[in-house]
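Let's walk through this model together, with an eye on its charged side chains, its backbone and how far to trust it.

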Amino acid sequence: MSTSSTKKFQERAVLVGTYSPRVKISREIPEPDVEDTLEELKALTISAGGEVTEMVACRLERINPSTFINKGKVEEIAGLIKDTDAHLVIFDDELSPRQSRNLEEAFGVRTIDRRALILDIFAKRAQTREGQLQVELAQLMYLLPRLTGLWTHLERQKGGIGMRGPGETQLEIDKRLIKEKMRRLKKELAGVENTRHLQREKRKRTPVPQVVLVGYTNSGKSTLFNQLTQAGVLAADKLFATLDPTTRKLKLLNEREVLITDSVGFIRKLPHELIEAFKATLEEVQNADLLLHVMDASDPLWESHKRSTEQVLAELDCLSKPTLEIYNKIDRLQDHRFNLAHSSRRIFISALHQQNLSALLDRIGEALSGDFKRVKLLLPQGRGDLLAVVHREGRIVKEDYQADHVEMTVDLPTKRIEQWKKFGFVVSDFQSSQLH
């Protein structure tokens, strides 16, 4: 078999972005120009396995209800499709079902929007059964209002002999089948979520602090996760390289153990149905004791990316959670300088070159110390399991071994203290102490 015949087929795509001079509002945070948004759309297209042939920026004075962009640009793009033999047109803006249908007729090729592209990438990358169910549900939510356009070829014929109503009938059948499948998916997801809930409750009984990495996609979260845990998670230079969350144990400098999770990367205009569908997975974020918000300090649009991430966190009701801001990739900056005031909530690192990672671990320990109290314990000598918990979860200040028991002064998680009070192991409380 020839090499050419085995080469994987790549869809060639023309990308379309829009800008409106009238929408330019003075803001402290710079918004991406149309060239930047098209570059991001290009990265998404490549991540989905496509090839970009042309990128078109359209000046948008007003939205055309039929085709979104004006007639002249529609004709220009139609010409580019013929010249480049493109198979697909992708809009950075959300298209209505009607607009998508009219543009496909004008272009003669499939026309999709940013939401459909991101859904396609998620479908391709989801590895766990839960992730696959969530993506499929999100795709059906997106498809349902667009079904009508798929049957226009039959609707045009419904006045003919023997053709009255088939389009409408088939449309109703398809809608019913999709709604039934959505119900099945939701039921199956509920079972998966119940299992996850039981696992989470089990973790709560052994109260190890939960730390979750969040941030704009491609900010270096997975690279940082690998450096901290040696987890071997895929850390490719592409958008949405990893989707399903991965959790590992992490030992801090004071020997305390925490659980750290690498979550899915966020992005500008992340489809709402994906946020809804992935809420079960993103519960890791909602149940975190500490968030590490990772940003690419070398990206000129880091502030815009930060705001996009915070918008998703707000939808998850997590914006008020304790958060450390991690400014990554400082090795790409001239003289490693970053024009931002230093703060106890901010730390500047290079995950790739392991720069300042010890300082980051120290800062994580400090941030989690508010959940600790100093107590005096009396533990039976024969309970090695209890002693192991103290060594793993806390910091021992003083210990005195007697014939039948161990007397200890120790900083422990508040959750663990409340649990052990019930068993009589806690002799006395001290004032809350800070671990350093």
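There are 22 salt bridges here, each being a side-chain nitrogen of Lys or Arg within 4 Å of a carboxyl oxygen of Asp or Glu. One of them joins lysine 269 to aspartate 93, with the closest N and O atoms 3.6 Å apart. This pair links distant parts of the chain, 176 residues apart: lysine 269 is in the loop between β7 (257-262) and α11 (272-277), and aspartate 93 in the loop between β3 (88-91) and α4 (97-107). Helices (H or I, at least four residues) and strands (E, at least two) are DSSP runs, numbered from the N terminus.

All of this comes from a predicted model, where local features need pLDDT of at least 70, side-chain atom pairs count only at pLDDT 80 or more, and totals for chains, interfaces and linings use all residues. Residues are numbered from 1 along each chain as its sequence is written, and side-chain values use heavy atoms, leaving out hydrogens and water.

Now to the confidence. The mean pLDDT (the predictor's confidence in each residue, from 0 to 100) is 81 for the protein, and 81% of its residues reach 70 or more. In residues 152-166 the pLDDT is below 50, and this stretch has eleven contacts beyond near neighbours in sequence; contact means heavy atoms within 4.5 Å. Where pLDDT is low, the predicted coordinates should not be read in detail.

Two aspartates have a positive phi, as tabulated here. Most residues other than glycine have a negative phi.

| Residue | Phi | Loop |
|---|---|---|
| Aspartate 85 | near 55° | between α3 (71-84) and β3 |
| Aspartate 317 | near 60° | between α13 (302-315) and β9 (323-328) |
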